[in-house]
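Trainee: I am new to this structure and would like to go through it step by step. Could we begin with the term that the first residue will call for?

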Amino acid sequence: MSAPLDPRETRSDAERAAELAERLPAQIARAQAATPHFAETLADVDSQRITTREALAGLPVLRKADLIQRQADAPPFGGLVAEDSGPFERVFQSPGPIYEPQGGGTDVWRFARALRAAGVERGGGIVHNTFSYHFMPAGFMFDSAGKALDCPVFPAGPGQSEQQVRAMAQLRPRYYTGTPSFLNILLEKADELGLAVDSLERGLVTAEPLPASLVDHFRTRGIEVFECYGTADLGLIAYQTEAREGLVVDEDVVVEIVHPGTGTPVADGEVGEVVVTTLNPDYPLIRFATGDLSAVMPGTCPTGRTKMRIRGWMGRADQTTKVRGVFVHPEQIQELVGRFDAVRRARLVVEQADHRDVATLYCETADSGDGLAERIAETFRAVCTVGAEVHLAAPDTLPNDGKVIADQR
């Protein structure tokens with residue numbers, strides 16, 4: 001099995017608790033002193049008393065929608081970035097829009113730990129990285145992780161499958177990072193072109209579900225593929241190991257599972273919303289509610305990693321969903337409807353066919369002419385940064401159940 005990235009992954013509970021008791025109060029004190037947002041929301045909190053996950057649970061939750069609004073009111077970062085932090089290397093934009101700063105340093109998003117757990121060896125070969133380097137941070141997240149393991153990174157980005165396959169046939173990468181569906185597309189394109197991409201041995205994927213059937217399919221091609229879980233705001237949250245029993249929580253975040261819509265922790269094993277506190281001093285997100293559902297798993301990982309495990313992504317606490325790795329929010333669908341007088345209501349239906357996301361936007365309208373569907377499709381891509389088929393429907397034919405997004409995968 002792949003050895004841990006460092007000894008922190010195999011510490012005792014007592015050692016990990018001692019570190020948390022030191023770092024957590026310091027993080028909260030810094031947030032209070034250096035960020036306008038937490039200076040306001042945590043004004044009455046004694047940071048020195050917040051030394052455990054249980055104590056942390058008494059603080060208010062910060063929701064993604066709140067972050068969007070705060071950034072709109074106080075651009076660019078809504079008062080959540082430490083005012084004395086050094087210059088950032090990059091700033092990204094994710095759907096919402098939400099702007100994420102990236103500080104300097106090596107592997108600041110911490111994905112090297114997930115790569116190592118997936119079997120990527122230090123200096124072991126080229127990483128073929130198909131995450132986007134455009135607007136959103138995913139491309140740079142995995143790029144910096146590969147560099148942290150002394151692996152050259154080919155910055156492929158998404159799309160252009162034929163060019164990518166030809167590059168893979170010549171460069172002979174050992175490792176793949178991207179979405180599982182795009183890896184499947186590349187393998188099919190390689191078969192179509194008669195090109196060998198059999199150098200691939202390991203893959204680390206995220207942003208989409210990785211069903212066991214797809215793991216088995218990749219294994220028939222000689223590729224062991226693992227998944228990890230993270231967000232553009234937080235970086236790595238948890239990662240799969242070769243034991244394939246849930247996801248191990250990263251060493252530099254604190255994860256709680258709470259009743260959806262509240263900040264109250266659920267009992268271990270119960271499904272709830274994932275709330276994360278980072279220990280990044282320059283961007284100290286404290287009790288950030290991801291909107292994702294998961295549950296704590298009992299015991300520890302058979303690989304010897306001792307931190308808490310979660311069951312992985314188990315859906316959304318709201319109607320927000322991911323389409324081909326990109327979050328789509330109900331508010332974005334409503335914004336689209338507002339741009340077309342002819343459209344009364346819309347409903348985005350997300351399904352899966354051949355391990356690929358299929359998104360269809362149904363729009364109620366009495367007007368079906370003049371290229372309306374095509375114009376709606378163009379606007380959807382502009383607003384949501386991902387494509388969807390558009391079907392025009394007669395008025396009053398969509399289900400009246402309050403859903404704007406129906407995830408049927």
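Mentor: A residue counts as buried when its relative accessible area is under 20%, and as exposed when that value is over 50%. Please keep in mind throughout that this is a predicted model.

Trainee: With that cut-off in hand, is arginine 110 buried or exposed?

Mentor: Arginine 110 is found in the loop between S3 and helix H5 (112-117), and its phi is near 75°, a positive value in a residue other than glycine. Its relative accessible area is 14%, and the limit for a buried residue is 20%. Arginine 110 is therefore buried.

Trainee: Aspartate 396 also has a positive phi, near 65°, without being glycine; is aspartate 396 buried or exposed?

Mentor: Aspartate 396 lies in the loop between S20 and strand S21 (405-407). Its relative accessibility is 67%, to be set against the limit of over 50% for this class, so aspartate 396 counts as exposed.

Trainee: Which residue forms a cis peptide bond with glycine 96?

Mentor: One cis peptide bond runs from proline 75 to proline 76, with omega near 0°, and proline 76 lies in the loop between helix H4 (64-73) and strand S2 (90-94). Another cis bond, where omega is about -5°, involves glycine 96. Its partner is found in the loop between S2 and strand S3 (98-102), and that partner is proline 97.

Trainee: Which residues does glycine 119 contact, leaving aside its neighbours within four places in sequence?

Mentor: Glycine 119 has its place in the loop between H5 and strand S4 (127-129), and at 8% relative accessibility it counts as buried. The C-alpha atoms of glycine 119 and serine 2 are separated by 5.3 Å, although the two residues are 117 residues apart along the chain. With those sequence neighbours left aside, the residues in contact with glycine 119 are Ser2, Tyr175 and Arg202.

Trainee: What separates the C-alpha atoms of glycine 387 and valine 323, which are 64 residues apart along the chain?

Mentor: Glycine 387 lies in the loop between helix H11 (372-384) and strand S20 (389-393), and with 9% relative accessibility it counts as buried. Not counting residues up to four places away in sequence, glycine 387 touches Arg324, Ala359, Phe380 and Arg381. As for valine 323, its C-alpha atom and that of glycine 387 are separated by 8.7 Å.

Trainee: How are helices H7 and H8 oriented to each other?

Mentor: The axes of H7 (residues 161-171) and H8 (residues 180-193) come within 9 Å and cross at roughly 75°. By class, their contact has 7 nonpolar, 2 polar and 3 charged residues. Since angles of 65 to 115 degrees fall in one class, H7 and H8 are therefore roughly perpendicular.

Trainee: Turning to the whole chain, which three residues supply 33% of the area that domain 1 buries against domain 2?

Mentor: The chain is divided into domain 1 (7-315) and domain 2 (321-407), and their C-alpha centres lie 29 Å apart. The contact takes 15 residues from domain 1 and 12 residues from domain 2, while the two domains bury about 1200 Å² between them, 57% of it on carbon and sulfur atoms. On the side of domain 1, the three residues that supply 33% of the buried area, more than any other three, are Pro95, Ala207 and Glu208.

Notes: Residues are numbered from 1 along each chain as its sequence is written. This is a predicted model: local features need pLDDT of at least 70, side-chain atom pairs count only at pLDDT 80 or more; totals for chains, interfaces and linings use all residues. Side-chain values use heavy atoms; hydrogens and water are left out. Helices (H or I, at least four residues) and strands (E, at least two) are DSSP runs, numbered from the N terminus. Buried means under 20% relative accessible area, exposed over 50%, partly exposed in between (1.4 Å probe, protein chains only). Contact means heavy atoms within 4.5 Å. Axes are lines fitted to C-alpha atoms, for helices over the stretch in contact, and angles run from 0 to 180 degrees between N-to-C directions. Angles under 35 degrees count as roughly parallel, over 145 as roughly antiparallel, 65 to 115 as roughly perpendicular and the rest as oblique. Ala, Val, Leu, Ile, Met, Phe, Trp, Tyr, Cys and Pro count as nonpolar, Asp, Glu, Lys and Arg as charged, and the others, Gly among them, as polar. Domain bounds come from an automatic or database domain assignment. Buried area is the accessible area (1.4 Å probe) that two parts lose on being put together, summed over both.
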